[in-house]
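This report follows the charged side chains of one protein chain and asks where their pairings sit. Please keep the sequence and the 3D view open while reading.

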Amino acid sequence: MKKSLFYLLLVIAALMVACSEKDSNKKIETAANNKEQENSATSEMKLVNDGKLTFAMSGLLKPLNYKENEKLVGFDVEIGNEISKRIGLEPNPVTNPWETILQGLRGEKYDAIIGSMTATEERAKQVDFSDPYYISGATVFISSKNTDIKSFEDLKGKTIGVMQASTYVEDAKKYTDKIKEFPSEIYALQDLPPGRLDAVITDKIVGISAMKESGLEIETVGEEIKREEIAVAINKDNQVLLDAINKAIADMVADGTYKEISTKWFGKDLLE
């Protein structure tokens, strides 16, 4: 009887070891399959550098993207880093002058633009855009001492500053032919208090942040000129990469990571 019980226990122990080994092998096989699928997907993304998502920005839009101790930081950078990780790539943020940033993308200097670019129909003829990763609007800023401009109508004939190659150039043309273009909105906004410009048209978030960060004595005029969807730009015919970026953005929103990043930089969810 004791022998039978002993052999029964041996059999049970052997079965448990076999099941454990089977489960372990299955986990290893599943992990290997997932890694293989991940590698297969990234290999179809037509990347500039294998294993990396190289994404560009001007590096001049505090707090969206700027340099601190020679390192790129800001909201755009954190969004780009998070997207990269979620699609299994190493983040590689770089800078490029804004006026040639689209040419750089089409010339395959980088894989994407994650630099607060507004998705427009005109730009969409050259590149593909992801789902928006924040919503903003074109806004008019003036010096706090300016008593001449109280509405958009008062912009007629005035000197307006905008960022080079931005959508705001066309907005300014609706009011004046006296337009000054700058490599950065910040430089334009700094010209308002001394009176070198009458107004600046720029992204609402950029202007408000400049007011807080630099203590610029400026204010807004009316509501936004237009609503803008800010998205990731990539080259056409790269659907695998586009789908991966869209999924990463959706997942970030769903699990609260996006809200956490947005609140860190702006105190609110920029998609709400």
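In this predicted model, the side chains of Asp251 and Lys247 meet in a salt bridge, with a distance of 2.7 Å from N to O. Both residues belong to helix α8, which covers residues 239–254, and they stand four residues apart, which is about one turn of the helix. With a relative accessible area of 31%, Asp251 is partly exposed, because partly exposed residues fall between the limits of 20% and 50%. Lys247, at 53% relative accessibility, counts as exposed, since the limit for that class is over 50%.

Side chains of opposite charge can pair when their charged atoms come close. The structure holds 14 salt bridges, and three of the pairs are described in this report, with their distances listed below.

| Salt bridge | Closest N and O atoms |
|---|---|
| Asp251 and Lys247 | 2.7 Å |
| Arg227 and Glu229 | 3.2 Å |
| Glu213 and Lys62 | 3.8 Å |

Which parts of the chain does the salt bridge between Glu213 and Lys62 tie together? The closest N and O atoms of Glu213 and Lys62 are 3.8 Å apart. Glu213 lies in helix α7 (residues 204–214), while Lys62 lies in the loop between β2 (60–61) and β3 (65–68), so the pair ties together parts that are 151 residues apart in sequence. Lys62 counts as partly exposed, its relative accessibility being 35%.

The salt bridge between Arg227 and Glu229 has its closest N and O atoms 3.2 Å apart. Arg227 counts as exposed at 59% relative accessibility, whereas Glu229, at 36%, counts as partly exposed. Salt bridges can also be joined to one another, and in this model Glu82, Arg86 and Asp255 are linked in a network of them.

The chain as a whole gives these pairs their setting. It has nine helices and 11 strands, and buried residues make up 44% of its 272 residues. Among the contacts with a separation of 6 or more, 69% are between residues 24 or more positions apart. The chain exposes about 14800 Å², and carbon and sulfur atoms supply 50% of that area.

Definitions and conventions: Residues are numbered from 1 along each chain as its sequence is written. This is a predicted model: local features need pLDDT of at least 70, side-chain atom pairs count only at pLDDT 80 or more; totals for chains, interfaces and linings use all residues. Side-chain values use heavy atoms; hydrogens and water are left out. A salt bridge is a side-chain nitrogen of Lys or Arg within 4 Å of a carboxyl oxygen of Asp or Glu. Helices (H or I, at least four residues) and strands (E, at least two) are DSSP runs, numbered from the N terminus. Buried means under 20% relative accessible area, exposed over 50%, partly exposed in between (1.4 Å probe, protein chains only). Contact means heavy atoms within 4.5 Å. Accessible areas come from the Shrake-Rupley method with a 1.4 Å probe; for residues, only the protein chains shown count as cover.
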